[in-house]
Amino acid sequence: MAKNKRVAVLVDEMYQVLEVWYPYYRLVEAGYAVDIVAAEAKKEYKSKEGYPCLSQVAADKAKAADYDCLVVPGGYAPDYMRRSSDVVRFANEMVDGGKVTAAICHGGWLLCSTKAFKGKKATCFMAIKDDIINAGAKYVDQECVVDGKLITARKPSDMPAFCKAIIKALES
């Protein structure tokens with residue numbers, strides 16, 4: 001059931017385990033090619049609980065032209081992601097290229113370093129609400145908000161709606 005579409009799921013230290021693995025396996029199950037992208041390739045990153053994730057593609061090698069969608073998980077990982085100019089460049093390329101861009105929980109922190117929120121409705125974990133507002137978003141407290149190619153959700157329990165929205169966007 002190959003769909004000929006590729007998804008990049010970002011990862012870094014202290015990621016929220018469900019926010020990486022739930023969309024990863026859901027998108028693989030739906031027939032998409034999914035790559036784990038991080039600041040470094042072939043490096044093991046640990047979740048907040050210590051669960052390992054081996055990156056496949058280094059952000060300096062990742063090109064927006066090769067992907068249809070970007071998924072940014074939360075946890076503390078987005079704070080680490082923002083420290084990598086290559087990760088920020090890749091996220092900016094995805095946003096500027098009009099690709100489906102999805103962030104859950106604290107994932108919006110990385111997108112604050114892009115133009116993703118400018119004039120868009122979005123949601124996030126309440127602790128970073130002011131950050132996304134300051135980045136240009138109109139904050140909405142809903143489980144999943146879709147505004148054009150931007151898809152945002154608040155927390156792990158919003159994952160079913162988040163993944164459904166990503167798949168719907170990829171199929172449209």
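This is a short talk on how the strands and helices of one protein model fit together.

Before anything else, the model is predicted. I will start with the sheet, then take the helices, and finish with two residues in loops.

So, the sheet. Seven strands form it, and it is open. Reading across, the order is β5-β2-β1-β6-β7-β11-β10, and the pairing is mixed. Which strands stand at the edges? Those are β5 and β10. Each has a single partner strand, so one side of each is left without a neighbour in the sheet.

Let us walk across from the β5 edge. Strand β5 covers residues 57-58, and two bridges join β2 to β5, with the two running parallel. If you want a place to look, find Ala38, which stands opposite Ala58 in β5. Next, β1 and β2 also run parallel, joined by five bridges. Here Leu10 stands opposite Val37 in β2. Is β2 mostly covered or mostly open? It is mostly covered, with five of its six residues buried.

Further along, β6 and β7 pair in the parallel sense, over four bridges. On that pair, Val71 is placed opposite Ala102 in β7. After that, β7 and β11 are parallel too, again with four bridges, and Ile104 stands opposite Ala153 in β11.

The last pair is β10 with β11, and this one is antiparallel, over four bridges. Val146 stands opposite Ile151 in β11. The two strands form a hairpin with two residues between them. Gly148, in the turn, has a positive phi of about 65°.

Stay with β11 for a moment. It spans residues 150-153, and Leu150 and Thr152 point one way from it while Ile151 and Ala153 point the other way. All of these are buried.

On β10, which is residues 144-147, look at Asp147. Its side chain reaches the backbone nitrogen of Lys121 at 2.8 Å. Leaving aside residues up to four places away in sequence, Asp147 touches Gly119, Lys120 and Lys121.

Now the helices. The one called α1 runs over residues 17-29. From its first C-alpha to its last, α1 reaches 18 Å, close to the 18 Å expected for 13 residues at 1.5 Å a residue. At its start, a side-chain oxygen of Gln16 comes to within 2.7 Å of the backbone nitrogen of Leu18. After the helix comes Gly31, with a positive phi near 100°.

Which residues of α1 are buried? They are Glu19, Val20, Trp21, Pro23, Tyr24 and Leu27. A general point helps when you read such a list: an α-helix has 3.6 residues a turn, so residues three or four places apart point the same way. The elements covering the buried residues of α1 include β1, β2, β4, β6, β7 and α6. As for how α1 sits in the chain, β1, α1 and β2 make a right-handed β-α-β unit.

Helix α3, residues 85-96, lies across β1, β2, β6 and β7. It runs at about 130° to β6. Helix α6 also packs on the sheet, where it touches β1, β6, β7, β10 and β11. The direction of α6 makes about 175° with that of β7.

Like α1, helix α6 has its own list of buried residues. Among them are Met159, Phe162, Cys163, Ile166, Ile167 and Leu170. What covers the buried residues of α6 includes β1, α1, β6, β7, β10 and β11. So α1 appears in the cover of α6, and α6 appears in the cover of α1.

Last, two residues in loops. Some background: most residues other than glycine have a negative phi. Lys42 is not a glycine, yet its phi is positive, about 60°. Cys105 is also a residue other than glycine with a positive phi, near 60°.

Where do they lie? Lys42 is in the loop between β2 and β3, and Cys105 is in the loop between β7 and α4. Which of the words buried and exposed fits each of them? Lys42 has 62% relative accessibility, and exposed means over 50%, so Lys42 counts as exposed. Cys105 has 8%, and buried means under 20%, so Cys105 counts as buried.

That is the end of the talk.

Key:
Residues are numbered from 1 along each chain as its sequence is written. This is a predicted model: local features need pLDDT of at least 70, side-chain atom pairs count only at pLDDT 80 or more; totals for chains, interfaces and linings use all residues. Side-chain values use heavy atoms; hydrogens and water are left out. The expected span of a helix is 1.5 Å times one less than its number of residues. Buried means under 20% relative accessible area, exposed over 50%, partly exposed in between (1.4 Å probe, protein chains only). Contact means heavy atoms within 4.5 Å. A polar contact is a pair of N or O atoms within 3.5 Å; within protein, one must be able to donate a hydrogen and the other to accept it, and residues adjacent in sequence count only if both atoms are side-chain atoms. Two strands pair if DSSP finds at least two bridges between them. A crossover is right-handed if, with the strands pointing away from the viewer, the path from the first strand over the helix to the second runs clockwise. Axes are lines fitted to C-alpha atoms, for helices over the stretch in contact, and angles run from 0 to 180 degrees between N-to-C directions.
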